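User: Please show me the model. Then I will ask how its labels were reached.

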Amino acid sequence: MHRRLLRFAVAASIGVAAIATFMQRTPRAAAQPPPQGTPASPGRAVYDAHCVECHGREGKGDGPAARTLVPQPRDFTIGRYKIRSTETGSLPTDADLVRSVKVGLPGSAMPGWDGILPEHEIVAVVQYIKSLSPRFAAELPEPVAPTTPVPASAESAARGATVYATLQCGKCHGDDGRGTGATATGFTDDWGAPMAAANLTEPWTFRGGPGAADVYMRFRAGISGTPMPSYKGTASDRDMWDLANYVASLRRKPVWEMTADEVRAFYGAQEAESLANPVKRGEYLVNILACPLCHSPADAERRTMPGMRLAGGLRMQLSPFGVYPTGNLTSDKETGLGNWTDEEIKRAITKGILRDGTRMLPFPMDWASFSTLPASDIDAIVAYLRTVPPVRNAVPRLTRTALPQYLWGKFQMLFLGADIPSFFFGGNAGSAGGQR
Ligand code: HEC
Ligand code: HEC
Ligand code: HEC
């Protein structure tokens, strides 16, 4: 890795932390009392002690820790669950929920509680979260009928490779299970958060477990709330088990099983791959440099408004310098970057010059440190921004800070040692609307 890039990444992460802290300095609602009328129960006590921070006081998936999590914690009031042994659209069984709470959902922030909470508390908390959705009182889970597994073997996996091609799993997961050649990318879950199709060579990230039987159930039952569909009735049972054995056979060696030489070769290959694929590299850079944090409108809790990632319209107040609305970085031709040339975009990111020639201050957008990125990375950022689907959202421009106002701000900071009040406004300042 370039030393320069490394140093930059460190600086950038400090920057992100600083931005996040400054964003948090908005007045917050006082802690809410527990919902009225919920009778005290053993499950409720476990929930309040261990689950509220993420899943929220009323189980809406909106606890204080939820703001920064991708994927977001489950909203229990809807009764929609990813990991089920039941037909698509149906509720999970108690055993499914107990399993998720015990093992956790790998690849997400959901921890496993086995060995931390005693069995009876896990069973009780599952009953409690069921009581948060009216669905459980009105419907019964519809279990997938059991079938006979085909034992794992090279022959079964080879047959499964054909099923993989026939059912077109590669459309989302790539020909090799790790995304190569995938035509569908950039998914959104039902709750509006960006998500990716699982990397099928890394089964330790599977939410529902790595075994062939787990994999079978995921494509047989689907993963509710995500684009991963149910394949009920699309192939014979034997074909489906062959497919599960094939997916299980794709497992690559994880880093913790590699020798030092293998680790070096693995990351070397990864770096070469990212250089050969600027869009992917650009997406990575845009995320770690926190472009979406400023360039997406958010609600008062700083959750990005659904479908508005990178569409601009977030406003930040830095008194007395002014109110800064962020621009629309999607590929929309009229209101986004669709009609900007590559050079114009690069000039904005590295020199702080807008399309009409106006110069930005070196804050709030840190173009001065972006300018130290290698040229290939700036190209990659532009390549990725070109692929961001257009969202129409015309954002009114900043009224430029007048010189006396600017000098007064500097004077207050440098000579009076004053902190400048800073906060962001919830809602979208652009034409697509949204709460203010
Ligand atoms: C650190 C944050 C965090 C804590 C603490 C936490 N969860 Fe979760 N939980 C999550 C996230 C994130 C998800 C969503 C994962 C996903 O969608 O892939 C989730 C999902 C779930 C699911 C849904 C499984 C499914 O099939 O959709 C259940 C059930 C659940 N949590 C129960 C609990 C219980 C019970 C507790 C307390 C004992 C708890 N969680 C504590 C973060 C947390
Ligand atoms: C329309 C796109 C799409 C298609 C087609 C698709 N998947 Fe998926 N798949 C996804 C997404 C998105 C996820 C990630 C779900 C998540 O993170 O919660 C996923 C997750 C998975 C997982 C991980 C399960 C887990 O426990 O987390 C497996 C295994 C899987 N898919 C197998 C398949 C197989 C096999 C096929 C073909 C029969 C297939 N998928 C077809 C989009 C797709
Ligand atoms: C701390 C918040 C912040 C971050 C982080 C940030 N920007 Fe900005 N950006 C702004 C603001 C505010 C403006 C508008 C400034 C103005 O009008 O003076 C802007 C303007 C721009 C513009 C000019 C387009 C327009 O219409 O405003 C581009 C292009 C841009 N940013 C790209 C990026 C990219 C790419 C990243 C990540 C590498 C990024 N920004 C990160 C706040 C931010």
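**Ligand shells and helix crossings**

Analyst: The shell around ligand 3 divides into 19 nonpolar, 3 polar and 1 charged residues. This is a predicted model: local features need pLDDT of at least 70, side-chain atom pairs count only at pLDDT 80 or more, and totals for chains, interfaces and linings use all residues. Residues are numbered from 1 along each chain, chains are lettered from A, and ligands are numbered from 1 in the order written.

User: What makes a residue part of the shell around ligand 3, and which come closest?

Analyst: The test is a C-beta atom, placed from the backbone, within 6 Å of the molecule. Around ligand 3, 23 residues pass. Cys-291, Cys-294, Gly-327, Ala-348 and Met-365 are the closest. α13 (291–295) and α14 (342–351) each give two or more residues. α13 gives the most, with 4 residues. Helices here are DSSP runs (H or I, at least four residues), numbered from the N terminus.

User: How do you know which class each residue of the shell around ligand 1 belongs to?

Analyst: By residue type: Ala, Val, Leu, Ile, Met, Phe, Trp, Tyr, Cys and Pro are nonpolar, Asp, Glu, Lys and Arg charged, the others, Gly among them, polar. Ligand 1 has 25 residues around it, and Cys-51, Cys-54, Ile-83, Ser-108 and Met-110 come nearest. Two or more come from each of α3 (52–55), α4 and α5. The shell of ligand 1 divides into 17 nonpolar, 4 polar and 4 charged.

User: Which residues and helices form the shell around ligand 2?

Analyst: There are 25 residues around ligand 2, with Cys-169, Cys-172, Phe-206, Gly-208 and Met-228 closest. α8 (170–173), α9 (212–221) and α10 (237–249) each supply at least two. The classes are 18 nonpolar, 3 polar and 4 charged.

User: Why are α2 and α5 called roughly perpendicular to each other?

Analyst: Their axes, lines fitted to C-alpha atoms over the stretch in contact, come within 7 Å and cross at roughly 95 degrees. Angles run from 0 to 180 degrees between N-to-C directions. Roughly perpendicular covers 65 to 115 degrees, so α2 and α5 qualify. α2 spans residues 42–50.

User: What makes up the contact of α2 with α5?

Analyst: Pro-42, Gly-43, Arg-44, Val-46 and Tyr-47 in α2 meet Glu-121, Ala-124, Val-125, Gln-127, Tyr-128 and Ile-129 in α5. A contact needs C-beta atoms, placed from the backbone, within 7 Å. By class, the contact has 7 nonpolar, 2 polar and 2 charged residues.

User: Why are α4 and α5 called oblique to each other?

Analyst: α4 (94–103) and α5 (119–130) cross at roughly 120 degrees, with axes within 10 Å. Oblique is what remains outside under 35 (roughly parallel), over 145 (roughly antiparallel) and the perpendicular band, so α4 and α5 are oblique. Their crossing is right-handed: in such a crossing the near helix is turned clockwise from the far one by less than a right angle. Asp-94, Leu-97, Val-98, Val-101 and Lys-102 in α4 meet Ile-122, Val-123, Val-125 and Val-126 in α5. That contact has 7 nonpolar, no polar and 2 charged residues.

User: Why are α9 and α10 called oblique to each other?

Analyst: They pack at about 120 degrees, with axes 8 Å apart. That angle is in neither the perpendicular nor the antiparallel range, so α9 and α10 are oblique. α9 passes α10 in a right-handed crossing. Ala-212, Val-215, Tyr-216 and Arg-220 in α9 meet Met-240, Trp-241, Ala-244, Asn-245, Val-247 and Ala-248 in α10. The split is 8 nonpolar, 1 polar and 1 charged.

Conventions
Two residues are in contact if their C-beta atoms, placed from the backbone, lie within 7 Å.
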